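Biologist: Before we discuss particular residues, could you take me through this model step by step, giving the reasoning behind each answer?

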Amino acid sequence: MVIKGRHLFAAVLVTAMLVTGALAPAAIDLSTGLRYAIPTGTLDECNAKAKTALDTYLQNASQTSPDDWVATGPLNQVGQPDTTASATVHCYANGNGYVVTFSCFVETPNNPYDASSLCTDVAHNFNGGVQTALATPTPVPTGCTTANLIGTWQDDSNSKLSLKLTPDGELTDSEDVIGSWILNGTNAIITYYGNHNMKLSADGKHLTGGGYSFTRQC
């Protein structure tokens with residue numbers, strides 16, 4: 001049953017990663033092997049404590065099968081549903097008590113904490129141990145910054161064309177045509193009616209190249 005729960009948990013996480021479509025190259029950090037043997041207790045007790053522990057650090061803890069629980073990450077720094085962190089708790093009977101195991105998967109570098117930190121806190125919450133506050137995301141820079149392309153960009157030669165670039169790497173124009181953006185240093189790739197290699201100015205305000213010239217409204 002433990003293997004089954006882990007397989008399900010891994011499938012949930014992989015699906016979540018595809019949905020989020022993070023721009024940065026990602027790796028999966030895994031923490032597994034945390035285990036408590038409780039000499040006296042019921043599976044109902046274990047299930048209740050598992051849900052409480054998961055809901056303390058993640059969200060929407062749900063029972064995927066009898067005595068198996070999974071939850072995914074809380075809201076991230078840009079207000080989008082964050083499913084790049086997950087944890088699973090599995091309870092099974094053992095004599096007059098039960099055994100409980102914990103596994104965590106965290107996508108990096110898209111989280112400020114690792115899988116071990118998450119799993120330790122979930123397990124310690126379950127068993128009354130010392131918990132350490134998880135690291136929190138650094139707020140996304142706003143305004144004219146060279147750290148990202150977030151904002152509204154006006155075409156310098158066409159007053160009717162402006163693009164809104166969002167923190168999730170998406171862009172839309174005034175007619176809801178959808179594209180995407182990637183920034184590496186000062187080099188940008190804008191996907192909008194094709195791919196355009198562009199250059200961000202030192203003040204973060206101008207984007208030129210690929211047949212376009214835009215000015216950020218900031």
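Modeller: Let me begin with a definition: two strands count as paired if DSSP finds at least two bridges between them. Please keep in mind that this is a predicted model.

Biologist: With that criterion in hand, over how many bridges do strand S6 and strand S13 pair?

Modeller: Strand S6 covers residues 151-155 and strand S13 covers residues 212-216, and the two run in the antiparallel sense. The criterion asks for at least two bridges, and the number for S6 and S13 is three.

Biologist: Which residue in S13 stands opposite Trp153?

Modeller: Strand S6 spans residues 151-155 and is paired in the antiparallel sense with strand S13, residues 212-216. Opposite Trp153, in S13, stands Arg216.

Biologist: In what order do the eight strands close into a barrel?

Modeller: The pairing in the barrel is antiparallel, and from one strand to the next the twist averages 30°. As a general point, strands of a sheet pair through backbone hydrogen bonds, either parallel or antiparallel. The eight strands close in the order S6-S7-S8-S9-S10-S11-S12-S13.

Biologist: Is Gly204 buried or exposed?

Modeller: Gly204 has its place in the loop between strand S11 (195-200) and strand S12 (206-209). Since buried means under 20% relative accessible area, and the relative accessibility of Gly204 is 0%, this glycine counts as buried.

Biologist: Which residues does Gly204 touch, not counting residues up to four places away in sequence?

Modeller: As a distance along the way, the C-alpha atoms of Gly204 and Thr215, which are eleven residues apart along the chain, are separated by 9.1 Å. With residues up to four places away in sequence left out, the contacts of Gly204 are Cys144, Thr145, Thr146, Trp153 and Arg216.

Biologist: How many disulfides does a search of the whole structure find, and what pattern do they follow?

Modeller: The search of the whole structure finds three disulfides. When the bonded cysteines are counted along the chain, the pattern is 1-2, 3-4, 5-6.

Biologist: What is the handedness of the link between Cys46 and Cys91?

Modeller: The sulfur atoms of Cys46 and Cys91 are 2.0 Å apart. Cys46 lies in helix H2 (residues 43-57) and Cys91 in strand S4 (residues 85-94), so this disulfide ties together parts that are 45 residues apart in sequence. Both cysteines are buried, and with -80° about the S-S bond their link is left-handed.

Biologist: And why does the disulfide of Cys104 and Cys119 have the handedness it has?

Modeller: Cys104 is joined to Cys119 with an S to S distance of 2.2 Å, and the pair links distant parts of the chain, Cys104 being in strand S5 and Cys119 in helix H3 (residues 115-127), 15 residues apart. Cys104 counts as buried at 1% relative accessibility, as does Cys119 at 0%. Because the torsion about the S-S bond is about 100°, the disulfide is right-handed.

Biologist: How many residues apart in sequence are the parts that Cys144 and Cys218 tie together?

Modeller: Cys144 and Cys218 form a disulfide with their sulfur atoms 1.5 Å apart. At 29% relative accessibility Cys144 counts as partly exposed, and Cys218, at 48%, also counts as partly exposed. Cys144 lies in the loop between H3 and S6 and Cys218 in the segment after S13, so the separation in sequence of the parts tied together is 74 residues.

How values were computed: Residues numbered from 1 in each chain as written. Predicted model: local features only at pLDDT ≥ 70, side-chain atom pairs only at ≥ 80, totals over all residues. Heavy atoms only, no water. Helix = DSSP H or I, 4+ residues; strand = E, 2+ residues; numbered from the N terminus. Axes fitted to C-alpha atoms, helices over the stretch in contact; angles between N-to-C directions. Buried < 20%, exposed > 50% of the residue type's maximum accessible area, 1.4 Å probe, protein only. Contact = heavy atoms within 4.5 Å. Disulfide = S-S within 2.5 Å.
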